[in-house]
Amino acid sequence: MSQLLQVLLSGLATGSIYALVAIGFTLVWQAAQTVNFAQGEFVMLPAFFVLVAMGYFGLPFLPALLVGLVLSVLVLGVLFKKLIAEPILPHGGITLIIATMALGIFLKESVKEFYSAEAQPFPSIFPNDPIDIFGAVVSLQDLFNLAISLGVVVVLTLFLNRTRTGRCMQATAQNPAVAEILGVDVKRMILYTFLINAALAALASFLITPVYLAKFSNGETLGLIAFIAAIVGGFNQIRGALVGGLLIGVLDNLTATYVTAQYRAALPLVLLIVIIMLRPQGLMGTSEGRSV
Amino acid sequence: MSAPVLSVRNIEKSFGGIQAVRGVSFDVHKGEILGLIGPNGSGKSTLFNCILGQLAPDAGEVHVTGRNVSKMRASDLNKLGVGRTFQQLSVFPKMTVLDNIILAGQEHHGTMLSRLFGPSDAGLTQQAEQLISFFRLTHLRDALAGSLSYGQQKLVDAAMALMAGPSLVLLDEPAGGVNLTMLANLKERLVTYNAEHGTTFVVIEHNMEFVMSLCTRIIVLAEGHIIAEGKPEEIRANQTVIDAYLGG
Amino acid sequence: MKRWLRPLLLVLLLVLAIIAPLGQGNYIVYTLTSWLIFSIAAMGLNLTLGYAGQISLAQASFMAIGAYTTALLTLAGWHWVLAMPLGLILCFAVGLLLGYPALRVKGHFLAFVTLAFNTLVFLILRNEEWLTGGSYGLVGMPRPDFGLFSTMKQLPFYYFTLGITVIASLVMWGIVRSPWGRAFKALRENPVRAESLGVDTRRITLLAFAIGSVYGGLAGALITPLVQFIEPGSFGVGHSLRILLMVVVGGAGYFFGPFLGAGVVIMLPEMLRFTAGYYLIIYSALVIVMLVFVPSGLIGIGGRLREKFRPRREVRADMREGARLQ
């Protein structure tokens, strides 16, 4: 029983980070029709920005995190939008898929060549001490991760629903043409979406890299899981990506512990296929309309 | 009188509390050009989609030449001899006009396997060219359908609907967005085709002038049921119809 | 293009393909053979994606099915000529299966489903060691021997592959030129309209996947005797992306696109090899640049240049999607 609780809690913690990545992915897909196949690498990269800031520029950890965040927003937000998403979007979805996949390879190989192919340790923001909850041994880090991620989701939801800008972003996601007529600065809203995605990816990176160690290949698994979480959860609400992320995190842990380690990666894949076939709008989605 | 080509019986359809169509019945006989008109919200689009199998009616049945088509797939309905045009975006833009029209006929020619091993055009080039010339599009035979003007595409759309020699053709707002000259052309071609082949047409349309001059009989819908039926002159003078349109 | 020009070009190409490897070292002949094999895989995907408009990120998994089936059977003593068709049949069946999701979803969703499928196949190949040798793979598959003609050496094997490629191309040409080809294109451009004209879009979609998969399987069946060592890593999602790249770079929906695309995708890394570790970086950057400037592929470049000098009627921009129901 206590082991189950342990597995559940740790699954929720990892899942909440997946949720952040899934939310960013969903936002950009909804508002800008950009399916970012490099999302995994977007989560891999910010950690390396921090390592470079610390290693080559001698910054202490917290300022380095800030630098990492700013760089991520600039590179993975602004540059990504201007240099890749915008020019390629008019040419259709398939081209964008290939372009973002190529981008993922570019980022991955660049880190491998210019930094290192070896896994690097990454400091954790929170202490890693274990604490006891009803007999289950959970790390403090996991609990903090869970809290931070959920907190961010709450803030984001409030932002999108309660602020003017947020509602403009929602309008852009639902119907850009109409939004433009109503006076919404659609281009700016789309830019914000890319920026938010970059920030979310960076945050996810800082939370998850202490566990996985910083390695150029981190993007592969993370990316796929983010897609699956977003789709399983359902596109019509942020809640969908959240639920999807948590679900995948917990299921993944449960599978690995109780069923099979070899095929643990198969579960999210099968789930993806099943959901797409039976309920393409996802668990939380509604069949009509899109919303942020 | 022979059996009706199209028989619509007691069609009812509602969407979450709003009844779009409330018990509509009518017959269409061979050679007729029937117009279905009505003010906005009268239910004519819903009725049209029920007839075509795009929507499943809550009640009622649709019969084409005696066969119940209520749950048929679009491709099966087409094989039964029903053609249709679309309101918008109805051609294959990156294929030539000729290819568009050959496609419209090829699925009625032989089996899948015979089509794989048979000639590239399924033997339909001459027939397609005849139809192209009927619609006076011969000079555009090898042009990509997507490069044609809107009105020209409507003509190609009509040609595609007619290629397989259907007994019944349903035209979905054919006049929408077409200029006057092209409209007159389209109307004249449809009337001529109907006279030469006896094909039955059902037209759903907003453009009153177009409908009045094209159709042999008109059915008027308002608020989900039929309020008038008759020849164009009769409908034009019908007070109930005038009231319905003026918003009584 | 003049009537007589096209057949002449084809003959020229064939002649080039025949004399290209003569006098070259083993490695070059090997690369040329690789090019032919991937052209076949890309040709299949070109049917599914270029002609029928169905996106698939799973072509490498069909190469895997073809490769492993052929490998296991030839290692058990079967002749390649008997092993290969079995691989093709299996690919046809599995391809049909993969077509079912395509009936439900399109575009990005379909891309994900096929991606998930590819990864699942990879997992099975890696985990089921008793059958596939797991991560260690299978090794020592023989090259086919036709009595008087043995393909053991690089050059004969190249000509053997060339023969198969020509046959496969002729079959594909037959399919694409027939009413089936027209129906595939209709599916791509306007599936709702196609359905209303009597096209059984369900059957056509499944066929697009099944036939495309068979070509993937054929490529796999040829890879096995070429490399004589196969392992799951050669058939992952990254490789499906490579094949997709070949189709798009060459020009999706054009008959010779796959050959051009496969040539570029295979040759480019070879040419960049001197850059050692950086070549993937340069390669992926070049891909992105190409997609920004010439998204319709390299074959499209010819068309684009012609447009500049002799503008023709253009397909209207609003003709992007097919007919929609009200």
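**Three chains, one conversation**

Student: Which helix of chain B holds B:Arg236?
Tutor: Helices and strands here are DSSP runs numbered from the N terminus (H or I over at least four residues for a helix, E over at least two for a strand). B:Arg236 falls in the run of residues 232-237 of chain B, which is helix H9.

Student: Is B:Arg236 buried, partly exposed or exposed?
Tutor: This is a predicted model, in which local features need pLDDT of at least 70 and side-chain atom pairs count only at pLDDT 80 or more, while totals for chains, interfaces and linings use all residues. Residues are numbered from 1 along each chain as its sequence is written, with chains lettered from A and ligands numbered from 1 in the order in which they are written. A residue is buried if 20 or more other C-beta atoms, placed from the backbone, lie within 10 Å of its own, exposed if 12 or fewer do, and partly exposed in between. B:Arg236 has 13 such neighbours within 10 Å, so it is partly exposed.

Student: How far apart in space are B:Arg236 and B:Ser213?
Tutor: In sequence, B:Arg236 and B:Ser213 are 23 residues apart. From C-alpha to C-alpha, the distance between them is 11 Å.

Student: Which strands stand at the edges of the six-stranded sheet in chain B?
Tutor: Two strands pair if DSSP finds at least two bridges between them. The sheet is open, with mixed pairing and the order S6-S7-S8-S3-S9-S10. Each edge strand has a single partner and so leaves one side without a neighbour in the sheet; in chain B these are S6 (82-84) and S10 (225-230).

Student: Inside that sheet, which residue of S8(B) stands opposite B:Leu168?
Tutor: Strands S7 (residues 168-172) and S8 (residues 200-204) of chain B run parallel and are joined by five bridges. Across from B:Leu168, the residue in S8(B) is B:Thr200.

Student: What about the four-stranded sheet: which residue in S4(B) is the bridge partner of B:Ser7?
Tutor: This open sheet of chain B is antiparallel, in the order S2-S1-S4-S5. Its edge strands, each pairing on one side only, are S2 (18-28) and S5 (67-68). Five bridges link S1 (residues 6-15) and S4 (residues 59-64) of chain B in the antiparallel sense. The S4(B) partner of B:Ser7 is B:His63.

Student: Which residue takes a positive phi in the hairpin of S1(A) and S2(A)?
Tutor: Strands S1 (residues 130-133) and S2 (residues 136-139) of chain A pair antiparallel over four bridges, with A:Asp132 opposite A:Val137. Two residues lie between the strands, and the one with a positive phi near 50 degrees is A:Phe134.

Student: Why can chain C be called as compact as a globular protein of its length?
Tutor: Chain C has 14 helices and four strands. Its radius of gyration is close to the value that the globule rule gives for 326 residues, so it is as compact as a globular protein of that length. The radius is taken over C-alpha atoms, and the rule is 2.2 Å times the number of residues to the power 0.38. For chain C, both the radius and the rule's value are 20 Å.

Student: Which helix gives the largest share of the side of chain A that touches chain C?
Tutor: Two residues are in contact if their C-beta atoms, placed from the backbone, lie within 7 Å. The contact takes 31 residues from chain A and 30 from chain C. Helices H3 (61-88), H4 (93-114), H9 (218-233) and H11 (266-278) of chain A each supply at least two residues of that side. The largest share, 14 residues, comes from H4(A).

Student: On the side of chain C that touches chain B, which helix gives the most?
Tutor: Of the two pairs of chains in contact, B and C share the most contacts. Here 27 residues of chain C meet 33 of chain B. Helices H8 (179-189) and H9 (191-196) of chain C each supply at least two residues of the chain C side. The most, six residues, comes from H8(C).

Student: How far apart are the closest C-alpha atoms of chain A and chain B?
Tutor: No contact joins chain A and chain B. Their closest C-alpha atoms are separated by 15 Å.
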